[in-house]
Every structure is written in C-alpha cells, then in structure tokens.
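The exercises below ask for a careful reading of one chain, going from strand pairing to domains, core and ligand shell. Each task is followed by a solution that can be checked against the coordinates.

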Amino acid sequence: MGKSQKLYEKAKRLIPGGTQLLSKRPEMFLPGLWPAYYEEAKGCTVRDLDGKRYIDMSHMGVGSCILGYADKDVNKAVNATVDAGNMSTLNAPEEIELAEVLTKIHPWAKMARYARTGGESMAIAVRIARAYTGKDIVLFCGYHGWSDWYLSSNLSDDRSLDGHLLPGLEPKGVPRQLKGTAIPFNYNDTKGFLKLAGQYKGRIAAVVTEPIRNVYPKKGFLETLRSETRKQKIPLIIDEITAGWRLCCGGAHKLFGIEPDLAVFAKAMSNGFPMAAVIGRREVMDIAQETFISSTYWTDRIGPVSALATITKLRKCHVTEHLETVGKKIQEGWRRLASEHGIRIEISGIYPLGHFSFKHKEPLALKTLYTQLMLQKGFLATNAFYASYAHKGEHVDGYLQAAGEAFRAIAIAIESGKPAKYLKGPVCHSDFKRLA
Ligand SMILES: Cc1ncc(COP(=O)(O)O)c(C=O)c1O
C-alpha cells in the first residue's frame, strides 16, 4: 500500500463516501490500488503522493480540464486575480464581460446568471423554468447532477434513472412529495417524448436534455423537443455541462441548429476552476428576479476570470479541432487493437469523449483489469478517454502502445474464462453504492 491508498482508508473514516464526487472514488477504477490522491497535475501528467508519475488518459478531472491541468494562460489570469483580490464587498466586473462573450457566442441568449458547479446551475435553471411557467413537472433525459429535483425521479421507480449515465442513484432524503415531478425519457426516443408531452400537457415546467452524449441526435429528435416545447410554451433547457466547448466554441446545440430557452455550462468552461453559467432568453431569465437565487461564492472573481481566459484560449488554439483529432485516433486505436487481439468491444461517444465496453463475460472484471495493467505501465486509464489540448501525439502513441500490450493480456484472461483471477484486488464498482 502506498501513501495514497493509506490516506484513502483514513478518508473513508472521516468523509462519508470517501470523496465529494462519485466518479473520483478509487472503487470506480481499481479498488485498493488506484492512486487516489495527487501532489501535482500539469498538462496531462499527474504525480501521486509517492512521487509516481502517470499520464492521465482517463477523465482529465472528470471533464473539467479541456486545456490540460494547470494551463499556464488560465493560471496566469487566475494568479493575477489572487494578487488583486478574489473577493470584495463590490462585484467582479468580469461577470459582465463574460455575459457579453457568452451571449455573443449564443446570440439567441440575452442574459446570464452564474453559479460554480454543474448540479447547482441545473437546479437554478429548473427553478427559473418552474417560476416562469408556474408549473412543477420536468421531463428530462440524461444526467443532471445531485439535486432534489433530479433525484426525485427515482422516488417513483428506482429504475427510472437506468439509461441516464449513472444508474442506481439513491433518492433517500428527497421529499416524497416530489414524487412524480421529474419524468425521464430516453435520448433519441421522439415517440416516447411526445407521449409524455401529451400525457402531462398543461403541467410541464421544463424539458431538459443534453444536446448529445454517446450518440448523435437522430434527425427530428431535438427538433421535436424544440417544436413541442414552443407549442406548449415550455422552456427547453439544454445541459451543456459536459458536451459544451468540445465540438464547437460554445454549446453543442449550435451544431444542431437548436435554439433553446436556457442553456447551462460548467466544467470545461473554466478549465479546472469552479464556474458555471445559466444563459437564456430575456423573458425567461428575467424571472430569476422573482425567485430567490443567491449565494456568496457565486460572486468570486476567479470564476469569470478563469472562464474568460479559457474561452480565449479555446478560440485562439482551435482546441475543438485538436480534441476531435486526438479522440478519433484513440477510438480508431481501440478498434484496431481489439480486432488484432480478437477482443469484442463496443465503442461509443463523440470523439472528444470516447469510451468502450467489453462484450465478453464479466465485463467489469475486464475493465478493472485494463485499468490495473495500464497503471503498471504509467497511465491513469479506464474504458473512457476525455481528450484535452494537453494530449499530444507522443501521449497518444505511448498510450496505444501500452493499450496493445494490455489487450494482449486481456485476451488471455478472456480465454481463461476467469478474468477476475488476474486482478490484484476487487472488481470496480459500476454505480452508486454504500462504502464499507
Ligand atoms: C450533463 C451533466 N449535467 C450535470 C452534471 C453535474 O455537474 P457537477 O458534477 O459539476 O455538479 C454533470 C456532471 O458530470 C453532467 O455531465
């Protein structure tokens, strides 16, 4: 056991669940062996508490660091803000500059409000929509964070979040009175959506979806969401928290020609510093003045400063093109290596956010084994790759070389019929669970 693993054992006694984010739990990668803590993260290199260095070919801070860790241009702007004072009784002028930038990139939107995390900004958007319509019911598709409005969908049927990225989320503590207020539909299921829109007509406060996640929208899906919400005068909320800034400068909805009423950004927008924005049409956004939405640290200056520096660099360096090139090479590499070693995998996701799953018996054991083998070769890796500007050709080549060797060993494990026996610890978790 290294320092990181020991520290995580202590963390579990002091912090319920060990970490603040499910996707950062070592159990989601390699229970007992994952280097849970870092001392330094720069570019795509991470150094753990034992001084070991890894190339991060996994989530890059769960999608937050699109430019790479500790990006020097973003850090420069943030450091200047630290020196000038991050907080004051007065407001940060950069809030207005950022609102101008965001509304220029998305001309359908005329106003912006800010928060600091994805989940809370989605809660703000849903509150605004409920205040605007005076209705309660939210039809949604995809994952949108930890808050009550979203988890309440699991009060009705604990399988209702299946197929929405993080299955099995427990709604304990969410008021039972919210049961039936958040109703899921599946991405690309136009008929299913229309059925719900008809069934709940007159009671719907908002329709919420990601613009894209694993697959491209089928023709007519997003268009139907837009036309039906317009017809029923319901705000359409597009959650760009993960998809945004990766396929084009701004929200992915721009690519699909959809103009929502509200769009929500977080994560990649500020490259590792907390920042989130809800942008929208004036008529809808204005209602934010009639419901109490207010928090002290939503006013810190680093938030808008880091977002402005990130967006400037995304544009200057043509980052989306880079993400596409790198992500495509990785997905093509997985496909080629799997076929060379006779392994069946299914690849999905847009190029900047790719992942694969093993189509053999005990897929979770195989996923854990992949992480174990890649860690030994100096890579933080799982069955997903989030591309960043810091991933250059040498990282891709080194990773694919190592992945080829890992796939060779995995083919042997599959052949044996008992892949778990190749693991040095337990199989990884796939969803939310109580930790011992
Ligand atoms: C689409 C989407 N919405 C909301 C969230 C929640 O964001 P946060 O973890 O910043 O609260 C996420 C996080 O993964 C997400 O992918």
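**Exercise 1. The open sheet and its hairpin**

Task: Find the bridge partner of V46 in β3, then work out in which order the strands of the open sheet follow one another.

Solution. In this model, which is predicted, V46 has Y54 as its bridge partner in β3. That pair belongs to the antiparallel pairing of strand β2 (residues 45-48) with strand β3 (residues 53-56), which extends over three bridges, and R47 likewise stands opposite R53 in β3. The hairpin formed by β2 and β3 has four residues between the strands, and within this hairpin G51 adopts a positive phi near 80°.

The next step is to follow β3 to its other partner. Strand β13 (residues 379-380) runs parallel to β3 and is joined to it by two bridges, with F379 of β13 standing opposite I55. Putting these pairings together gives an open sheet of four strands in the order β1-β2-β3-β13, in which the pairing is mixed. The edges of this sheet are β1 (38-42) and β13, each of which pairs on one side only.

**Exercise 2. A second hairpin**

Task: Which residue takes a positive phi in the hairpin of β11 and β12, and how many bridges hold the two strands?

Solution. Strand β11 (residues 345-348) and strand β12 (residues 353-358) pair in the antiparallel sense, with four bridges between them. One of the paired positions is I347, whose bridge partner in β12 is F356. Between the strands lie four residues, and in this hairpin G349 takes the positive phi, near 100°.

**Exercise 3. The surroundings of β10**

Task: Is strand β10 largely enclosed or open, and which strands pair with it?

Solution. Begin with the burial of the individual residues, for which the criterion is 20 or more other C-beta atoms within 10 Å. Five of the five residues of strand β10 (residues 276-280) are buried, so this strand is largely enclosed by the rest of the structure. Both faces are covered, since the buried residues include A276, V278 and G280 on one side, with A277 and I279 on the other.

Then consider the pairing partners. Strand β4 (residues 111-115) runs antiparallel to β10 and is joined to it by five bridges, A115 having A276 as its bridge partner. Strand β9 (residues 262-265) also pairs with β10 in the antiparallel sense, here over four bridges, and the bridge partner of F265 in β10 is A277.

**Exercise 4. Domains and nonpolar cores**

Task: Describe how the two domains meet, and state from which domains the largest nonpolar core draws its residues.

Solution. The chain is divided into domain 1 (3-70 + 318-422) and domain 2 (72-316), whose C-alpha centres lie 28 Å apart. In the contact between them, 17 residues of domain 1 meet 19 residues of domain 2. On the domain 1 side, helix α11 (residues 319-340) gives the most, with three residues, and the composition of that side is eleven nonpolar, six polar and no charged residues.

The largest nonpolar core comprises 117 residues, and A125 and V138 have the most contacts inside it. Helix α4 gives the most to this core, with eight residues, while at least three residues come from each of domain 1 (3-70 + 318-422) and domain 2 (72-316). When residues up to four places away in sequence are not counted, A125 touches I237, L262, V264 and V278. A second, separate core has eight residues, among them M28, F29, A36 and C428.

**Exercise 5. The environment of I414**

Task: Decide whether I414 is buried or exposed, and identify its contacts beyond its neighbours in sequence.

Solution. I414 lies in helix α13 (residues 393-416), and because it has 21 C-beta neighbours inside 10 Å, I414 counts as buried. Its contacts, leaving aside neighbours within four places in sequence, are I343, H360 and P419. The C-alpha atoms of I414 and P363 are separated by 9.8 Å, although these residues are 51 residues apart along the chain.

**Exercise 6. The ligand shell**

Task: How many residues surround the ligand, and which helix gives the most to the shell?

Solution. The ligand is surrounded by 14 residues, of which the closest are G118, G119, G145, I241 and T242. Helix α4 (residues 118-133) gives the most to this shell, with three residues. Sorted by class, the shell has four nonpolar, seven polar and three charged residues.

Methods. Residues are numbered from 1 along each chain as its sequence is written. This is a predicted model: local features need pLDDT of at least 70, side-chain atom pairs count only at pLDDT 80 or more; totals for chains, interfaces and linings use all residues. Two strands pair if DSSP finds at least two bridges between them. A residue is near a molecule or strand if its C-beta atom, placed from the backbone, lies within 6 Å of it. Ala, Val, Leu, Ile, Met, Phe, Trp, Tyr, Cys and Pro count as nonpolar, Asp, Glu, Lys and Arg as charged, and the others, Gly among them, as polar. Domain bounds come from an automatic or database domain assignment. Two residues are in contact if their C-beta atoms, placed from the backbone, lie within 7 Å. A nonpolar core is a set of buried Ala, Val, Leu, Ile, Met, Phe, Trp, Tyr and Cys residues joined through C-beta atoms within 7 Å. A residue is buried if 20 or more other C-beta atoms lie within 10 Å of its own, exposed if 12 or fewer, and partly exposed in between; C-beta atoms are placed from the backbone.
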